[in-house]
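Let's take a friendly walk through one protein chain, from its charged pairs to its inner core. Keep the picture beside you as you read.

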Amino acid sequence: MSSEPDALLDLLDLLDLEQIEQDIFRGTSRSAIVPRVFGGQVAAQALVAAGRTVPADRPAHSLHSYFLRAGDPGAPIVYSVDRIRDGRSFTTRRVVAVQHGQPIFHLSASFQTHEEGLEHQAGMPAAPDPDTLPTAAEMLPRYADRFSDPTVVDRLIEARAAVDLRYVDAPPFGTVGEPREPRSQVWFRTNGKLADDPLLHVCMATYVSDMTLLDSVLLAHGRGGWAVGDVVGASLDHAMWFHRPFRADEWLLYDQESPSASGGRGLGQARIYTQDGRLAITVIQEGVVRVPRRD
């Protein structure tokens, strides 16, 4: 099992794409809990590719993306960037991720020069101090009996070794069979310091944002999730708005809820706050959430 500093270095290496031609980049993948490329990885790598073609003084302010096909973790991913627009204040990029000759992911991202303007934000909800909550390595073994596969706990810990992610309340697999309010909170930060590159922090938050966003859908129905096996599913689309500067190596509160599930799909929406209460990011994602036929 990788140590936390090594895991973060591996993740940073994963996000450091190889440029193979102008506006064309290549990335590799890491193992995931399910036998496909982790959606947060593809989204983060695509945003890296887009950001590499934009001046450094124009940070990302939004992204909108669609997951088109399951990614093959054993094959490289090629990211092709279209320079859609370079305006006075805004820059727009479109990125298509391709494997085996087929698009697996599509992203549009917008970047903006710094500008002063009107200011207001939604208040930060109550949440306990993250330092009082158990780490993944402390929390996950408590639920080992919920998984039919005895390797799941170690695989979950391994997959999250680069990120210190702490649940405020029990995760979905901790309360299987007990429907709860469709809300979930986690604190997260990287397990180690990051360079002072705003694009890196935005891409790291993008990576983490796909880890738990649909938890609240599962909570509403007492479902444990993919690792338990009582639902099957995948991300369909993912949108983020970056409101204020933040650091992904400092504590961020991910406050998530699900307003709706229907038609085999579940919607998650969330706000990400800095520890001092600034609203940094808004996130919305829809995913396929299906009950296995045996149920």
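## A bridge between distant parts

In this predicted model, Glu119 is exposed, with a relative accessibility of 61%. Its side chain meets that of Arg244 in a salt bridge, 3.0 Å from N to O. The two partners sit 125 residues apart: Glu119 lies in the loop between strand 6 (102-112) and helix 3 (136-139), while Arg244 belongs to the loop between strand 9 (232-242) and strand 10 (252-262). Unlike its exposed partner, Arg244 counts as buried, because its relative accessibility of 17% is under 20%.

## Other charged pairs

The count of salt bridges comes to 15. One of them joins Arg166 and Asp164, whose closest N and O atoms are 2.9 Å apart. Are these two residues buried or exposed? Arg166 is buried at 10% relative accessibility, and Asp164 is buried at 7%. Elsewhere, Arg183, Asp255 and Glu257 form one network through salt bridges that share partners.

## Nonpolar cores

In soluble globular proteins, nonpolar side chains tend to be buried together. Here, the largest nonpolar core holds 69 residues, and Tyr79, Phe105 and Ile281 have the most contacts inside it. Helix 2 (residues 39-51) gives the most to this core, with eight residues. Leaving out residues up to four places away in sequence, Tyr79 touches several others, among them Leu17, Phe25, Val42 and Val95. A second, separate core has seven residues, including Trp187 and Tyr273.

## A buried threonine

Thr274 is found in strand 11 (residues 265-274). Thr274 is buried, with a relative accessible area of 6%. Beyond its neighbours within four places in sequence, its contacts include Met124, Phe246 and Trp251.

Technical notes. Residues numbered from 1 in each chain as written. Predicted model: local features only at pLDDT ≥ 70, side-chain atom pairs only at ≥ 80, totals over all residues. Heavy atoms only, no water. Helix = DSSP H or I, 4+ residues; strand = E, 2+ residues; numbered from the N terminus. Buried < 20%, exposed > 50% of the residue type's maximum accessible area, 1.4 Å probe, protein only. Contact = heavy atoms within 4.5 Å. Core = buried A, V, L, I, M, F, W, Y, C linked by side-chain atoms within 4.5 Å. Salt bridge = Lys/Arg side-chain N within 4 Å of Asp/Glu carboxyl O.
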